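Reader: I'd love a close look at a single part of this protein, along with a sense of what surrounds it. Could you walk me through one piece in detail?

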Amino acid sequence: MPPTCCGCLSQYTHHHLVAFLLTFFSYVLLHASRKTFSNVKVSISAQWTPSFQNESLSPGLTWEDNHLFADEEQATLFLGALDSIFLFSYAVGLYLSGVIGDRVNLRYVLSFGLCGSAAVEFLFGTVTEWLNIYNVYLYCSLWVLNGLLQSAVWPCVVAVMGNWFGKTGRGFVFGLWSACAPVGNILGAFLASSVLKYGYEYAFLVTSVVQFAGGVVVFFGLLASPKEVGKGKILQGASHHYLIHPDEPLAESAKAISFCQAFLLPGVLPYSLAYACLKLVNYSFFFWLPFYLNNNYGWKETEADRLSVWYDVGGIIGGTIQGLISDFMGKRAPVVAVSLVLAMGALVGYSRSPNDQVINAVLLANTGFFIGGPSAMISSAISADLGRQEALRGSQEALATVTGIVDGTGSIGAAGGQVSKSSLQGKLCVIYQKNALTFGSIVFIIPLLVREVRTMWLERQVRRHQL
């Protein structure tokens, strides 16, 4: 049985707290700016389509000559295409940035990704609107660049957390820490809805400026690993106080493994494929939930933005509780598998939500609990486990690479579903999501579950013989 949470927390220092908070808020700010695009899609769609035909003008001319598309349907399809463009470039970038993160100081890569992405989002949403520049190719190019820059962040923050926090209690610590994404979604939703009345360009302005400032703070304040404060331990009084857990000693001369070696590590491929299906569902809610609420129920855009945060609230609670349960069990696959099975019922339940905001919020939180929970575990705690497993034989420089592979494969799965989802509405969209989730849980998670159950049975047999 793992030690209690209080026992684990007593092993941490202020260095752990600083690393936890800086990496946490780095991804909060990134997701807040990313969520802005999701929350202002209705306004962007209206800006890109003609709103009023003037009969006194010749056919085809409008009061607004800046529209890109003839109707809202075409604009919606292009918004879905932008989501896919972002996710595909994000996936490619994850494969590359993970390898880079294991070879370059994580602080530099993380700061570059945050500041660079903030600059691109400022150009995409604010500068183009201020200067009345409306060009499909420009939008696509900027969003490709944004995906590549944002991909540098997640492998780095997971690697930094893995450097500071050992396997003991990792499920709870990473479950609590992985709330950074839904907290960022909530922050982004409130920031966007608070300034949306002035124009969607101000939503991009606020979030990009805050994110850039966060990148500067990270550059000057983050310590990427205990090596930067004294070879894994510091002297306090008459006793040595370890900055890392004794169950995972820090290698003095660790070498980064190759991409192929990381890809072939036990568990990396099945978890990556499972995460591809799961992230497809999770990002469908992320990109399209406010748009769906506005179109399906007729709620105002600001109301839809604020209601959508209940999905993220459920994800925060789910990630923390399920991570804690996996610590006490000593196994993570059973927790993920059970949550995915229950998530299918939650999706069906949400597809039948009436036109009532309170009931919708409750069903959203329930769905977020069972989808956001396993999503957070796979992308954080499980990725850290895979990057520090015994098969590495002492090498500590695989965490960012493995995290990039898992999240990159997940992003490819998510990207494949975004264009089609832009044309799917109501229950059909939910059924499509449920089928993808079922496929991922049965084909990829169940074999891992069987392996872990078999391991538990063998361990019990060994203990019985020892007695």
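Author: Happy to; what follows looks at helix α16 and then at its surroundings.

A quick word on the basis: this is a predicted model, in which local features need pLDDT of at least 70 and side-chain atom pairs count only at pLDDT 80 or more, while totals for chains, interfaces and linings use all residues. Residues are numbered from 1 along each chain as its sequence is written, and side-chain values use heavy atoms, with hydrogens and water left out.

The protein chain holds 18 helices and two strands; these are DSSP runs numbered from the N terminus, with helices being H or I over at least four residues and strands E over at least two. Helix α16 covers residues 357-387, which is 31 residues. From its first C-alpha to its last it reaches 42 Å, close to the 45 Å expected at 1.5 Å a residue; that expected span is 1.5 Å times one less than the number of residues. Along the way, α16 bends by about 40 degrees at isoleucine 378, where the bend is the angle between axes fitted to the seven residues ending there and the seven starting there.

At the start of α16, aspartate 356 places a side-chain oxygen within 3.0 Å of the backbone nitrogen of valine 358.

How enclosed is this helix? Because 24 of the 31 residues of α16 are buried, the helix is largely enclosed by the rest of the structure. Buried here means under 20% relative accessible area, exposed means over 50%, and partly exposed is in between, using a 1.4 Å probe and protein chains only. For the whole protein chain of 467 residues, 58% count as buried.

Leucine 386 gives a good view of the packing, and this residue lies in helix α16. With a relative accessibility of 8%, leucine 386 counts as buried. Leaving aside residues up to four places away in sequence, leucine 386 touches Leu265, Pro266, Gly267, Val268, Tyr271, Val402 and Val406, a contact being heavy atoms within 4.5 Å. Alanine 398 is twelve residues from leucine 386 in sequence, and their C-alpha atoms are 8.8 Å apart. Across the protein chain, among contacts between residues at least 6 apart in sequence, 83% join residues at least 24 apart.

Now to the nonpolar cores, each a set of buried Ala, Val, Leu, Ile, Met, Phe, Trp, Tyr and Cys residues joined through side-chain atoms within 4.5 Å. In the largest, of 70 residues, Trp48, Leu82 and Trp177 touch the most other members. Helix α7 (residues 153-164) supplies the largest share of this core, nine residues. Another core lies apart from it, with 37 residues that include Ile257, Ala343, Tyr350 and Ala361.

Charged pairs complete the picture. The whole structure has three salt bridges, each a side-chain nitrogen of Lys or Arg within 4 Å of a carboxyl oxygen of Asp or Glu. One joins lysine 279 and aspartate 407 at 2.7 Å, N to O. This pair links distant parts of the chain, with lysine 279 in helix α12 (residues 268-297) and aspartate 407 in helix α17 (residues 399-421), 128 residues apart. Lysine 279 is buried at 2% relative accessible area, and aspartate 407 is buried at 3%. Another salt bridge pairs aspartate 327 with arginine 332 at 3.4 Å, N to O, and both of these residues are buried.

Conventions: A polar contact is a pair of N or O atoms within 3.5 Å; within protein, one must be able to donate a hydrogen and the other to accept it, and residues adjacent in sequence count only if both atoms are side-chain atoms.
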